[in-house]
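Reader: I have a model open and want to go through its strands, core and voids. Shall we take them in turn?

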Amino acid sequence: MTLEERLAHHKAMAESYHMAYVKQDVQDGATYDEWKFAPHATYWSPYFGDNMIDLTENPMSVQQSATMEATSYGVTLPDWAPLDFKCWASEDGFVMQSHFGGHDKDGVLHDFYAYGFVNTNEDDEIVHWETHVSPEYNDFLDFTLGVHGPFKHGAGEYMQAVGKRLAQAGMDLSAFKK
């Protein structure tokens, strides 16, 4: 693959993430069309403590966790979606900035920024992905989930809060397992 082809593919990968949320496909169980993970790809976020997650061994798939997360936010903010998106492709991956938000029943906007950093291998498979969030994420999570991090014990603690919110909304959590 030429450098130009890699840059174009990395941009398409970033845009597929964004479009999955714009179309609200993530809430319906879809994932990011252009994303392919290498064996033992890792995920990390300072919001989930200092825990590197091996996506191959993680008990919950990226698809399942993204669907549960987006659906839980939509319980409180029915119009939750990306408000803005920017991405920058490089030879070995891409960076993306997503501004997410939604309005509560009183019309008040609740929003935050997420910054994703993705590294790929020579086959354009993702080998590492990490996410950082703006300080507003704490208030956003307090409003949508009733709790915020950083979650010192990892992403599982966060997903428990997501599951609790979905259960409070009367949703069957087994419907999210694929």
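Reader: Which residue in S4 does Phe85 stand opposite?

Author: This is a predicted model. In it, strand S3 covers residues 81-90 and runs antiparallel to S4. Across that pair, the residue opposite Phe85 is Ser98.

Reader: How many bridges join S3 to S4?

Author: S3 and S4 are linked by a hairpin of two residues. The two strands run antiparallel. The bridges that join them number nine.

Reader: Which residues line the largest cavity?

Author: The structure holds one cavity of 30 Å³ or more. The volume of the largest cavity is about 30 Å³. Its lining divides into four nonpolar residues, three polar and no charged. The lining residues are Tyr17, Met96, Ser98, Ala114, Tyr115, Gly116 and Thr131.

Reader: Which element gives the most to the lining of the largest cavity?

Author: Ala114, Tyr115 and Gly116 are among the lining residues. Two elements, S4 and S5, give two or more residues to this lining. The one that gives the most, with three residues, is S5.

Reader: Is Thr131 buried or exposed?

Author: Thr131 sits in strand S6. Thr131 touches Tyr43, Trp44, Ser45, Pro46, Ala114 and Tyr115, leaving out residues up to four places away in sequence. The cut-off for buried is under 20% relative accessible area. Thr131 has 14% relative accessibility, so the residue counts as buried.

Reader: Which residues have the most contacts inside the largest nonpolar core?

Author: Nonpolar side chains in soluble globular proteins tend to be buried together. Here the largest nonpolar core has 42 residues. Those with the most contacts inside this core are Tyr32, Trp35, Trp129 and Tyr158.

Reader: Which element provides the largest share of this core?

Author: The core has 42 residues. Elements giving two or more of them include helix H1 (3-22), strand S5 (109-120), strand S6 (126-133) and helix H4 (155-168). The largest share is six residues, and the element that provides them is H4.

Reader: What does Tyr32 touch, not counting residues up to four places away in sequence?

Author: Tyr32 is one of the residues with the most contacts inside the largest core. So is Trp129, and Tyr32 touches Trp129 directly. The full list for Tyr32 is Ser16, Tyr17, Ala20, Tyr21, Val26, Val62, Ala66 and Trp129.

Reader: Why does Met159 count as buried?

Author: Met159 lies in helix H4. Buried means under 20% relative accessible area. Met159 counts as buried because its relative accessibility is 13%.

Reader: How far apart in space are Met159 and Met68, C-alpha to C-alpha?

Author: Beyond its neighbours within four places in sequence, Met159 is in contact with Met60, Ser65 and Met68. Met159 and Met68 are 91 residues apart in sequence. In space, their C-alpha to C-alpha separation is 8.2 Å.

Reader: Which residues lie nearest the centre of the largest pocket?

Author: The largest pocket has a volume of about 630 Å³. Its lining has 30 residues, which divide into 23 nonpolar, six polar and one charged. Nearest the centre lie Tyr43, Phe48, Ser65, Glu69 and Tyr158.

Reader: Which element supplies the largest share of the lining of the largest pocket?

Author: At least two lining residues come from each of H1, H2, S5, S6 and H4. The largest share is five residues, and these come from H2.

Notes
Residues numbered from 1 in each chain as written. Predicted model: local features only at pLDDT ≥ 70, side-chain atom pairs only at ≥ 80, totals over all residues. Heavy atoms only, no water. Core = buried A, V, L, I, M, F, W, Y, C linked by side-chain atoms within 4.5 Å. Buried < 20%, exposed > 50% of the residue type's maximum accessible area, 1.4 Å probe, protein only. Helix = DSSP H or I, 4+ residues; strand = E, 2+ residues; numbered from the N terminus. Contact = heavy atoms within 4.5 Å. 1 Å grid on protein atoms, 1.4 Å probe; cavity = no way out; pocket = protein on both sides within 12 Å on 5 of 7 lines; lining within 4 Å. Points joined across faces, edges and corners; volume = space filled by probe spheres on them. Nonpolar A, V, L, I, M, F, W, Y, C, P; charged D, E, K, R; others polar. Pairing = 2+ DSSP bridges.
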